[in-house]
Amino acid sequence: MDKEVLINAGAGEIRVAIVEEGKLQELFLERTIGLDDGALKKKNGRSGHSLVGNIVLGRVQRVLPGMQAAFVDIGLGRAGFLGAREARCLADLPGFEDDHAPKITDCVREGEAIVVQVVKDPIGEKGARLSANVTIPGRLLVMVPNQPGIALSRRIEDEAERARLIATGDRMIAESNGTLVPGAGYIVRSAGIGASLADFKEDAERLAEAWRPVMAKRQSADAPATLYHDLDPVERTMRDEVDAQTRRVLIDDREAYEAARAYCRRAMPDAEGKIELFAGPGMLFDLYDLEDEIEQLMSPRVPLPSGGWITVEGTEALTAVDVNSGSFTASTGLEETSLKVNLEAAEEIGRQLCLRGIGGLIVIDFIHLNEPANIQSVLDVLAASLARDRTPTQVSAMSEFGLVEITRKRIRDPLVKLMTEHCRPCEGHGRKRTCDAVALEVIRRIERQANAAPGKPIVVRAAPEIVRWLESHDEEVRTSLARRGAARVCFEPSEEFAREGFDVGTAA
């Protein structure tokens, strides 16, 4: 498989695209300018990067037995949410079973300082989602300080290799001689397939070095306080996305390029030779026309090769996916028409769920099929499509009405929710781009203009609310743009533009 990792470290946002066989398979966005919660920057000094993975000494504000949850002050504007299941490792009840989880009152008390990890960033009116079962990921292993033993990634399927990895992990712990964290357990990542005992020891010792300062800070810190930061987006991409199948990693910013190389020298030296600095011509995502495809992800309709399409629409309760044959008609009959379109849809749905970041309950309305063998073929293709996704999913059988239910673990807000908001004039039935999403698109257009006309002053005309957003982050915007070759930029508000309209050109 030809796999490439493209890192667009732009002014205001870092975007990572995973391209396999020339086709976009995964997309990650992490904004570095203009996050809503200013406390996020001030508390962590990380230029607005995601908090997911950070370990925090928090203080329990409220315990709600009716919700089986607690709210924990972690130093942001809103308290974090800790469910009983995520707090179970704090319960002083040795031997409890998964099917008989402790109550939240067995785990935490109001006013108590506890160590938690952010598993989901705060979004909108909701605070961060927390877990007390903290982990620190390495290249090959994930260390779990509160849970001894060796576990394996579900993506490791070969039984002989699973047995070898468990035996290797057990031997690593037995031979640690005090170099590892006492009582800690480890999850072997899929990157650990084929790894040796020496490889495991090196990775586990690096994780121990990362954990000891956390415990040292825990002794002296006053809650709320951040004890550990996960890696920055570029380093995290190298750790989590670059593997033996990766042919090259293209990065379009020298600072990010040097950061990736430095991380590789520390943790994965074999991968350093795959990193390349992209210097044009054109923009990095133009290599595979990714900008148009990312724009298409905002649309509910996804075209299929036959001429049919799928429609993806979200509600509060679930995401509905409708399969439509459009104008396509197979010459051999209705069943064959339905089968062909359904197979194309099943292949595309797994990719779209991953790219759009859709989680929770998903209901697919396939075109009706009569033949059991055809139904099974569609389910097999759907299962194979979802299997490429690392996020846990479960799939039901097809009902008599052609419906298939999927549950996909929520790991982030959907892309459409990140980049759009409800449109008031249409009373919530439609969506439009958020101010920050449009402003970041303006910034990317400035970079493109600077690339096309080096050294020339650039004039931006946009809606007043967009110019206000850019000016409110003036120092960050101009510093980032100057580093990307756009040192002279003038912003002009214009009432003739609606929110999503703007013009970027060079000065006369």
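In which sense do β9 and β10 pair, and over how many bridges? In this predicted model, the two strands run antiparallel to each other, and 2 bridges join them. Within this pair, I136 sits opposite M143 of β10. As a reminder, the strands of a sheet pair through backbone hydrogen bonds, in either a parallel or an antiparallel manner.

The pair belongs to an open sheet of 4 strands, ordered β9-β10-β12-β11, in which the pairing is mixed. At its edges are β9 (136-137) and β11, each of which pairs on one side only. Two helices pack on this sheet. Helix α4 touches β10, β11 and β12, and its direction makes about 150° with that of β11. Helix α5 touches β9, β10 and β12, with an angle of about 45° between its direction and that of β10.

Several of these elements return in the largest nonpolar core, which has 29 residues; I55, L141 and Y186 touch the most other members. At least two residues of this core come from each of β4 (55-64), β10 (141-144), β11 (149-152), α4 (159-174), β12 (185-188), α5 (197-220) and β13 (225-228). The most generous contributor is α5, which gives 7 residues. The surroundings of L141 can be listed in full: beyond its neighbours within four places in sequence, L141 is in contact with I136, M172, Y186, I187, V188, R189, F200, D203, A204 and L207.

A further open sheet is made of 6 strands in the order β16-β17-β18-β19-β21-β20, again with mixed pairing. Because β16 (301-303) and β20 at the edges each have a single partner strand, one side of each is left without a neighbour in the sheet. From one strand to the next, the twist averages 20°. Strands β18 (residues 319-324) and β19 (residues 360-365) run parallel and are joined by 4 bridges; T319 stands opposite I362 in β19. Helix α10 lies across β19, β20 and β21 (403-408), and runs at about 15° to β21.

Turning to charged side chains, the structure holds 43 salt bridges. One of them links R247 to E4, with an N to O distance of 3.2 Å. Since R247 lies in strand β14 and E4 in strand β1 (residues 3-9), this pair ties together parts that are 243 residues apart in sequence. The two partners sit in contrasting surroundings: R247 is partly exposed, at a relative accessible area of 45%, whereas E4 is buried, at 2%.

Another salt bridge forms between E241 and R390, whose closest N and O atoms are 2.5 Å apart. Here E241 belongs to helix α6 (residues 233-241) and R390 to the loop between α10 (372-387) and β20 (393-395), so the pair ties together parts that are 149 residues apart in sequence. With a relative accessibility of 7%, E241 counts as buried, while R390 is partly exposed, at 33%.

In the salt bridge between R499 and E465, the closest N and O atoms are 3.1 Å apart. R499 is found in the loop between β25 (489-493) and β26 (502-506), and E465 in helix α13 (residues 464-472), so parts that are 34 residues apart in sequence are tied together by the pair. In this case the arginine is the buried partner: R499 has 13% relative accessibility, and E465 is partly exposed, with a relative accessible area of 26%. Elsewhere, salt bridges that share partners join E13, R31, D436, E441, R444 and R445 into one network.

Finally, D253 deserves a look of its own. This residue is placed in the loop between β14 (246-251) and α7 (254-267). Is D253 buried or exposed? Its relative accessibility is 5%, and because buried means under 20%, D253 counts as buried. Its side chain reaches two backbone nitrogens in α7: that of E255 at 3.1 Å, and that of A256, which lies 3.0 Å from a polar atom of the D253 side chain. Not counting residues up to four places away in sequence, D253 touches A9, L277, R483 and R484.

Methods. Residues numbered from 1 in each chain as written. Predicted model: local features only at pLDDT ≥ 70, side-chain atom pairs only at ≥ 80, totals over all residues. Heavy atoms only, no water. Buried < 20%, exposed > 50% of the residue type's maximum accessible area, 1.4 Å probe, protein only. Polar contact = N/O pair within 3.5 Å; in protein donor to acceptor, adjacent residues only side chain to side chain. Contact = heavy atoms within 4.5 Å. Core = buried A, V, L, I, M, F, W, Y, C linked by side-chain atoms within 4.5 Å. Salt bridge = Lys/Arg side-chain N within 4 Å of Asp/Glu carboxyl O. Pairing = 2+ DSSP bridges. Axes fitted to C-alpha atoms, helices over the stretch in contact; angles between N-to-C directions.
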